[in-house]
Amino acid sequence: MTTVQVPPTRFRAGGQRNVRLGRVLRTLAGVREVDEDLMERIGRGFTERDELGARLAAAMRLPAGDPEKVSMAQFRAALEHGVDDATPPSLAAFVGTLEQDPPWLDRDLVDEGARVFRRFGRNAADVLLQLSLIGGYRFGGPPDLLVATGALAGSSTRRRLAETQSWAVAVTTPGGLAVRGEGWRTTAHVRAMHALVNHTFASRWDTARWGLPINQADQAGTLGLFDGTVLIGVKALGVPVSRRDSDAVMHLWKYVGWLMGVDEQWLVDSERERQRINYHVVLAQDTITEAGPRLSQDIISVLGELPHGRWKTERTLSMLSLFLGRESMRELGLPWRPPWAHAMLWVANSARHRVLGHLPGGRARLEDGGARVAQRILAEYYASDDRAVADLPT
């Protein structure tokens, strides 16, 4: 599986800065000392890829007329309807693997995780945008790839944010992760696109510095942004999360990670173990590059173009200031704001989740409300700039 024998030079290049940025994770995970075996595995992970996806990507790049070539039409048809005797081998292997549930999968727990995630409502979307996405721009590597590919940069920012939100909605919608459900198909499509990026960019990417364009260490870190980081963030915003809720959310994203081609060693069941891995992933990173401020500022600019853009911008900057702190805001070239939004959300979330959520039918109302908010956010990203929204969001 390893394609490069030594870790790239980005490995642990962030030094003491990253130790400071990881302090909260270290405390939450109860880490007493750095696990050097785990660090070594992360270092190797920068040079490892999703091999099943790589074989499919290679077949998709074969010349027309080659009997093993996979077209996009064949790929979409296989995800929608399954494979048959005429399906090229690499595509049959890719789809056939994803159709078979891993032995540890508990689909009832996946469904419960999706319900919990919907109950988080706008809180989950806020944390994913701010702490997960923009917070991730504090380290070089993946942000530089986004700039190189044109994803989440400049004029494509709004469309990419919409696509990410659409995917998050798909995987947390009831039945979305059933085989050939919308979330299942979308996740498989994203996996194939990642493999194509590797196939296309590997020859002109600085692998000695960054490792493979999309690699197992970065994928493990990204998965941690969707499970462990979201759990930290929503709790910081006043949403109570029980052990059962935490376990369900972790299982939901464990399955999504498996579908995405994340290696089994990075798929974990407990929030505490994820935070332990997340802490070591932070230690393994490079420092910030010029791509981080550029991407962060592009996102803030997009928020200003949405309905009630000034409100959304100031609210986001206020939350970011609390989540990231003054030093990170300065590094990203973003203005610091007092954390008024956090105080407002804490009060609102206490009322919703500690009062409404315990009334008869309250949890179901929170799920329905969360689903509607997610769809509204999606509509705002896709809408024209002059789209009006009836109610001011909270």
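Six helices are among the elements that cover the buried residues of helix H20 in this predicted model: H7 (107–120), H8 (122–136), H10 (157–172), H17 (291–305), H18 (309–331) and H19 (340–355). H20 itself runs over residues 362–382. Its 21 residues reach 30 Å from the first C-alpha to the last, close to the 30 Å expected at 1.5 Å a residue. The buried residues of H20 are Gly362, Leu366, Glu367, Gly369, Gly370, Ala374, Ile377, Leu378, Glu380 and Tyr381.

Two buried residues, one in H20 and one in H18, are set out below.

| Residue | Helix | Relative accessibility | Contacts beyond four places in sequence |
|---|---|---|---|
| Glu367 | H20 | 13% | Arg115, Arg118, Arg119 |
| Thr316 | H18 | 4% | Gln130, Ile300, Leu303 |

Glutamate 367 counts as buried because its relative accessibility of 13% falls under the 20% cut-off. Leaving out residues up to four places away in sequence, glutamate 367 touches three arginines, Arg115, Arg118 and Arg119. These positions fall within the range of H7 (107–120).

Threonine 316 is buried as well, since its relative accessible area is 4% and the limit is 20%. One of its contacts is Leu303. The two residues lie 13 places apart along the chain, and their C-alpha atoms are separated by 8.6 Å. Ile300 and Gln130 are also touched by threonine 316.

The largest nonpolar core has 94 residues. Within this core, the residues with the most contacts are Ile42, Phe75, Phe117, Phe120 and Trp253. Helix H15 (residues 243–260) gives the most to the core, namely nine residues. For phenylalanine 120, the contacts beyond four places in sequence are Val230, Leu231, Val234, Val239, Val241 and Val249.

H15 also packs against helix H11 (residues 182–201). The angle between the two helices is about 45°, and their axes are 8 Å apart. H11 and H15 are therefore oblique to each other, because an angle of about 45° is neither under 35 degrees nor in the range from 65 to 115. On the H11 side, the contact is made by Trp184, Thr187, Val190, Arg191 and His194. These meet Tyr255, Val256, Trp258, Leu259 and Met260 in H15. The residues of this contact divide into seven nonpolar, two polar and one charged.

Technical notes. Residues are numbered from 1 along each chain as its sequence is written. This is a predicted model: local features need pLDDT of at least 70, side-chain atom pairs count only at pLDDT 80 or more; totals for chains, interfaces and linings use all residues. Side-chain values use heavy atoms; hydrogens and water are left out. The expected span of a helix is 1.5 Å times one less than its number of residues. Buried means under 20% relative accessible area, exposed over 50%, partly exposed in between (1.4 Å probe, protein chains only). Contact means heavy atoms within 4.5 Å. A nonpolar core is a set of buried Ala, Val, Leu, Ile, Met, Phe, Trp, Tyr and Cys residues joined through side-chain atoms within 4.5 Å. Axes are lines fitted to C-alpha atoms, for helices over the stretch in contact, and angles run from 0 to 180 degrees between N-to-C directions. Angles under 35 degrees count as roughly parallel, over 145 as roughly antiparallel, 65 to 115 as roughly perpendicular and the rest as oblique. Ala, Val, Leu, Ile, Met, Phe, Trp, Tyr, Cys and Pro count as nonpolar, Asp, Glu, Lys and Arg as charged, and the others, Gly among them, as polar.
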